[in-house]
There are 2 protein chains.
Amino acid sequence: MTTTPATRRPRRPGRPGYDLDSLLAVAVKVFNDKGYDGTSMDVLADRLGLSKSSIYHHVSGKQELLELALNRALNALFAVTTETGATQGRYIDRLEYLVRRSVDILVAELPYVTLLLRVRGNSTVERRALARRREFDAFVSDLAAAAAEEGDLLPDIDPALVARLLFGTVNSLIEWYRPRAGASPDDIADAVIAMTFDGLRRT
Amino acid sequence: MTTTPATRRPRRPGRPGYDLDSLLAVAVKVFNDKGYDGTSMDVLADRLGLSKSSIYHHVSGKQELLELALNRALNALFAVTTETGATQGRYIDRLEYLVRRSVDILVAELPYVTLLLRVRGNSTVERRALARRREFDAFVSDLAAAAAEEGDLLPDIDPALVARLLFGTVNSLIEWYRPRAGASPDDIADAVIAMTFDGLRRT
């Protein structure tokens, strides 16, 4: 395959115009559209308007693109676990902070988190990502257990189940949230927190 | 392709041993594993240990199998909307009832609902299913709006967003719920209701 001009944006001839970040953004979009397994390097090269060798200038192959994309989502989520709001104060407040910031990250990194949440463990890279997701889930679960210890969590509810339901709610955003349509990210974060921490029923 | 004996269960030779329900159950499992678009009639016949003509004895093709499967999930969910619990009493209680029963149905019809929730609208059958899903969402949204009218819903929250978040939580079960592992369906329904209607924070 030879270098073909991109059809969607003007570009100087012969200048690919991609750095690693913008190449990754396109690759992630293709992975989300066609599935990672269904995306060949030929398809990627075609969509990027690049030769395969131009892609290999940036990365060793599609597996490296996948790993970079998954790590971008995971690193953003893990960064939150070390922020002050997640490490100081009462545990229920740390848990709430973590949920709110996770909504922020889902919205800011939507394609990357979408890719992460669809990973099924078909390769070493995917299994490593799943292991890090489990580590994150355990962090959430531990916060919920500690909040229960402090007497701030609804009683008689399994902390691991709390973690799953909270992130079930948060992660559902990838199914329906679309930028520039409807509620703002802050409105959504407020609504998630209000529903899950205060409850929908006005008593 | 000729009729090949099934490897997983004993069966009298030459007797397929499937009625429409059991054939559908296998087809749905294959659709969920390989994706509907990635499943050919040959693959289905192979997995069923049937000839394609034996399948055509039951249905006109894989599209009919898809439609039957999606309707099974949708009909179960819509049946709830006409039950007394969803049609009488205060709206906040109707909403709670609908959520609880939807958890029941997700658990009882897990493979069918999983298939439904992955539909992307690639065919007329899929678009019809999506239209019915939107109709169901509108029913939930209307209950939330009416509950707000009655003053029973957390104020300042968009009823359509409430519907999305509630069913985001419920639908997340397809990602992690596995029969015979961990919490019982009733425990899960209790936890979903407790978190979303009463809130996790003990005040």
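The exercises below work through a predicted model with chains A and B. Residues are numbered from 1 along each chain as its sequence is written, and chains are lettered from A in the order in which they are written. Because the model is predicted, local features need pLDDT of at least 70 and side-chain atom pairs count only at pLDDT 80 or more, while totals for chains, interfaces and linings use all residues.

**Exercise 1. The fold of chain A**

Task: State how many helices and strands chain A has, and describe its extent.

Solution:
1. Helices (H or I, at least four residues) and strands (E, at least two) are DSSP runs, numbered from the N terminus.
2. Chain A has 11 helices and 0 strands.
3. The C-alpha trace of chain A spans about 65 × 35 × 30 Å along its principal axes.
4. A residue is buried if 20 or more other C-beta atoms, placed from the backbone, lie within 10 Å of its own, exposed if 12 or fewer, and partly exposed in between. Of the 203 residues in chain A, 33% are buried.
5. Two residues are in contact if their C-beta atoms, placed from the backbone, lie within 7 Å. Among the contacts in chain A with a separation of 6 or more, 66% are between residues 24 or more positions apart.

**Exercise 2. The domains of chain A**

Task: Give the bounds of the domains of chain A and say how many residues of each are in contact with the other.

Solution:
1. The bounds come from an automatic or database domain assignment. Domain 1 covers 1-59 and domain 2 covers 64-198.
2. The C-alpha centres of the two domains of chain A lie 30 Å apart.
3. In chain A, 9 residues of domain 1 are in contact with 10 residues of domain 2.
4. Ala, Val, Leu, Ile, Met, Phe, Trp, Tyr, Cys and Pro count as nonpolar, Asp, Glu, Lys and Arg as charged, and the others, Gly among them, as polar. The side of domain 1 that touches domain 2 has 6 nonpolar, 1 polar and 2 charged residues.

**Exercise 3. The two chains together**

Task: Describe the contact between chain B and chain A and find the rotation that superposes them.

Solution:
1. In this interface, 28 residues of chain B are in contact with 28 residues of chain A.
2. On the chain B side, α9 (159-171) and α11 (185-198) are the elements that give two or more residues.
3. That side of chain B divides into 15 nonpolar, 7 polar and 6 charged residues.
4. Copies are superposed by least squares on the C-alpha atoms of residues with pLDDT of at least 70 in both. A rotation of 180° with 0.0 Å of shift along its axis superposes chain B on chain A, with an RMSD of 0.0 Å.
5. The two copies are therefore related as by a two-fold rotation axis.
6. The same surface serves both copies, as 100% of the contact residues of chain B recur in chain A.
7. B:G199 comes closest to the axis of the residues of chain B, with its C-alpha at 1.8 Å.

**Exercise 4. An unusual backbone angle**

Task: Where is A:D156 found, and is A:D156 buried or exposed?

Solution:
1. Most residues other than glycine have a negative phi.
2. A:D156 has a positive phi of about 60° although it is not a glycine.
3. A:D156 is found in the loop between α8 (124-149) and α9 (159-171) of chain A.
4. A:D156 counts as exposed because it has 10 C-beta neighbours inside 10 Å.
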